Structure formats: structure tokens, C-alpha cells
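Let's go through some of the labels used for this model and ask what stands behind each one. Have the coordinates open and follow along.

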Amino acid sequence: MSVPVVLITEELSPGAVATLGPDVQVRRCDGTDRAALLAAVGEVDAMIVRSGTRVDAEVLAAAPRLRVVARAGVGLDNIDLPAATTAGVMVVNAPASNVVSAAEMTVGLLLAVARHIAAADASLRRGEWTRARFVGTELDGRILGVVELGRVGVLVAPRLAAFGMTVLAYDPYVQPGRAAVLGVELVGFDELLSRADVITIHLPRTLETVGLFGAEQLARVKPGVLLVNAARGGIVDEQALAEALRDGRVGGAGIDVHTTEPAVGSPLFGLDNVVVTPHLGASTMAAQEKAGLAAAASVRLALAGELVPDAVNVAGGPIAEEVRPLLGLAETLGRVWALLAAGPVASLEVAVRGEAAGWDVRILELAALKGVFTEVAQEPVSYVNAPVVAAEQGVEVALTTQESAGEYRNVLAVHGGLADGRMVTVAGTLAGPGSAVRIIGIDGYEVEITPTTHMGVLRYEDRPGVVGTIGRLLGEAEVNIAAMQVSRDTRGGTALVVLAVDTAIPADTLDDIIVAIGADYGRVLDLSAR
């Protein structure tokens, strides 16, 4: 197997590069040089970028081996997420890397605005000593309004509470109990506007949030309010804010992010009661290092075939520790199902029974789909594009759960229909030392066998001598049996034999066995790595 190639297109610290480990080949190029980037991506398995590298459909098409793009930072504006998802390329970022730096930037901007620090500095440097012009605002006893209690907002709230401020917050997705633990009073957006002496913004930029602070909203704020935005540009209408600052409705503003960046002109730039900075929220050595380390760690996980917690285009949400061990089982069952079905898929049901059913198990559906379509689809299939592949093939997918699994702690089953009307079911569990994957059922027949690289499944009329015939013909083909399980519906009825063998069963040997035992069904399963 070739050594994975990781392309680094912007600055990354030696520590972050070392996090990738010794088992990768690191290459570099200037991601802002379009021609160089397109020439470099043809043989790469992973990319680590910052904000200057544009990863769009053209780049993805030029990178047939690409499995993961890691953004060493938070924003993803430079990465085409839909195109990456369709291509099966995982996109990850480092959402927690800059939260402390962004929170501290918010506090810094607020203090600079409240105490006129930037204007006073400039005045003194001009040789002026005019203290009366710079009488500031004390934060103690004032009301803070935090707009969204996300990763940054929950850090800003206690930091400013320590200044003696009373904290309100607007966030429709936060439960009152959690807000109470934080010492924050949840209020509606309009109430926050009317009560807060200071407003700090911590929202992402979306269709819903662009222009959220426009002329209408700024007309409803408490007179003299201080406004700080170190989140995303465009959330505050800069022209409306400039007018509110001129007429005194807004007493001052600290703005780190801008509608258009680089911002070379803004209606805010000529106002003395505004502190503006060039998007410095994440610009600390600590944040940059954290982002690089997180991106490199995610690439290492992705190249190892593991699910990455910070993947932004993988459905399923956070993975509970009780669910994570079942990922390999689900994918294996999906592969076995597809090999047994050997035909066009019409519908699939992933059933989760047992203790795991009490958790969010959507990721197990993804793992099973990945297994099925790894055997069915022509293109590479990953956690990212498995649902896309299923939808493109018109496959109906369902996930069911039940919190009882009988004698087992957990049981997973993949049940599905084929275009010709046949139904196939494979069930499995984790059992024994090391929680090994076990197949415990095929089409209603009870078996218990550990899947191996090479397997065989046959169904036939139950009668004496069949097992011996199978063993003899495999022996003549020099195929050694590692394990065998036989199950039947009734004595003298229909029987199913599942074989784990050391080497692949030749196609002509399978044909000979089918004829010799009168089997109505026979499959060879190749579970080697894809």
C-alpha cells in the first residue's frame, strides 16, 4: 500500500506537522497560486489549508485520491462543501481552536470602546493632553446582552460577569436550565435590544443572520448602547450602524469583522467612537497553533479510516462512547449484506437493538451504508457520500431502534430488498475477548461466526453427508476451513452453512460444491480491504 500524501498549502507549525506522524509523505505548495495548486493535488490523499486556499469543484476534480480537507481554523467559506460531499471528501475544521482568543478579543474591544483607548492613544501621540474628551463608561453594574451562547458566547459571559455586569442572553437553542447554570438570564431578541447596555455578537454568518442588526433593530436599542462584533462580518449593517453612532443611539462600537474583507473602506472608519481591527479574533500564536494541531490530528484520523469528530459534512452528530465500538460491526454487516445480495438494491433498513438504542445511532446507519455501497458503487464510498450514493441510486433507507436485544447486549441487523423482490438479512453483535465482530444470523438462520477475509455461504436441503462433501471439495482445491457453522430451519428442511476459510474459494470449486450438494444458493464473500 502506498504511503498517504498530505499537501500543506499554507503555514503550519513544526508541531502540527509532527502530529501527522511518520507514516505520511508531506508535500507543500502555495495554495494562493492557482496553477501550482491544481498541479499539486493530483496525487494527494489529504490537504491542510487555512483561509487563503480555495478548494472548489475544480480542485476536487483534479484530486482523485483526495479523502480529507482540513481547514486549520474555523471558517469554511473557501471550501465548496456540496462538491466535497458529492466527491466523498471529508471536510473538517478546528471549531474550538480560537474560542478563547475570540472571547478575549471581544472583551478587549469592549474595554477599548468603553474607555476610548484608541482615540486617547492617537490624541496623546499628536501631542495633545485632553483628558476631558475621553471620559469613559464603567462596566460594573451595567447589563450585558450576549447574542448566542455558543462556544465563544459561553466564555464571554463569565468574563464580563467578573466585571460586575448582569448577563442576559438571546439563544433560542439553549435550555433555561443550562443558562441558569451559567448565571445567565435567557430573554427574547427584542427584550435584549431594549435592556442591554452592552451587546456582544457571537453568531455564525448565515442567510438568517446577515443584516440581523440593521436600521430597524438599532432603532430599538437602549440609547448609548455599546456594540461589539468579533464574530462574522455582514451580521451588522455597517451603514445603519454608522448612522446610529452619529446620532448617538449607539454610544460606541468595537468591530473586528467586516462585510467585505479585506476592508479598505467602510462608513465606520471616519468615526471617533468606533474601534476597528482587521479580523484579529483568531490571530494569536496560541489559536494558530491549536488550529494547526487540531487539523493535523483530524487528518491522521481520517487517513486511518476512523470517523473524525470535527467533520462538518458527515451526518450523525456526536458519537457516544457506547456507540463508537459498533461502527466496525455496522460496516462489516453492510459489506456482507451486499455480497450476499449480489444485485441492485431497492431498500435498506438498519436495525439497532439493545443498550446502544438509547443513544443517537444515526452514525451506525451511515456505517452500514458505507459498507453496502463499498461493494456496490463504482466510485469510492465514505461516511461523507454514502447517503448521497444511496439517494442517487434511489434506495430507500430506514433506521429503527429497540432497547431490548434478548441475550445480547447489542445486536445490529441490515435488512433490505432487491430489485427482483428478494429480501436479505444479516445480523451481528460484538462478543468475547476484545469484543470481536460476530455474525449471528443470515436470512433467519442462527449462526455464530467471526467474519474473515474469505468466506462462503451455501443453502441446501438438510441431509447427511453434505458437510463431508463440502470439506472434501475444498480440500481438493487446497482451501483450508478455519471455521464452519451449520444452521437449519427444521430437521430435514433447509440448511445454511457459513464457512470461514484461509484462502479464496475458486469460482469453479464453488460451482462444483453447488452441484454436488444440490444447493439452491451459494456465495463467495471477499472481505479484503477496499
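Q: Why is Asp462 called buried in this predicted model?
A: Asp462 has a relative accessible area of 16%. Buried means under 20%, so Asp462 earns the label.

Q: What makes the pair Asp462 and Arg488 a salt bridge?
A: The closest N and O atoms of Asp462 and Arg488 are 2.8 Å apart. The cut-off is 4 Å between a side-chain nitrogen of Lys or Arg and a carboxyl oxygen of Asp or Glu, so this pair counts as a salt bridge.

Q: Which parts does the pair of Asp462 and Arg488 tie together?
A: Asp462 sits in the loop between strand S19 (454-461) and helix H16 (466-476), while Arg488 belongs to strand S20 (residues 481-488), so the pair ties together parts that are 26 residues apart in sequence.

Q: Is Arg488 buried, partly exposed or exposed, and how do you know?
A: Arg488 has a relative accessible area of 45%. Partly exposed covers the range between 20% and 50%, so Arg488 is partly exposed.

Q: How do you know that Glu448 and Arg438 form a salt bridge?
A: Their closest N and O atoms are 3.1 Å apart, and the limit is 4 Å, so the pair qualifies. Glu448 lies in strand S18 (residues 445-449) and Arg438 in strand S17 (residues 436-442), so this bridge ties together parts that are 10 residues apart in sequence.

Q: Why do Glu448 and Arg438 get the labels they have for burial?
A: Arg438 has 19% relative accessibility, and buried means under 20%, so Arg438 counts as buried. Glu448, with a relative accessible area of 35%, falls between 20% and 50%, so Glu448 is partly exposed.

Q: What makes Arg362 and Asp360 a salt bridge?
A: The side chains of Arg362 and Asp360 meet at 2.7 Å, N to O. With 4 Å as the limit, the name fits. Arg362 is partly exposed at 44%, and Asp360 is partly exposed at 31%.

Q: How many salt bridges does the structure hold?
A: There are 23 salt bridges in the structure.

Q: Why is Leu301 called partly exposed?
A: Leu301 has a relative accessible area of 29%, which lies between 20% and 50%, so partly exposed is the right term. This leucine lies in helix H12 (residues 285-303).

Technical notes: Residues are numbered from 1 along each chain as its sequence is written. This is a predicted model: local features need pLDDT of at least 70, side-chain atom pairs count only at pLDDT 80 or more; totals for chains, interfaces and linings use all residues. Side-chain values use heavy atoms; hydrogens and water are left out. Buried means under 20% relative accessible area, exposed over 50%, partly exposed in between (1.4 Å probe, protein chains only). Helices (H or I, at least four residues) and strands (E, at least two) are DSSP runs, numbered from the N terminus.
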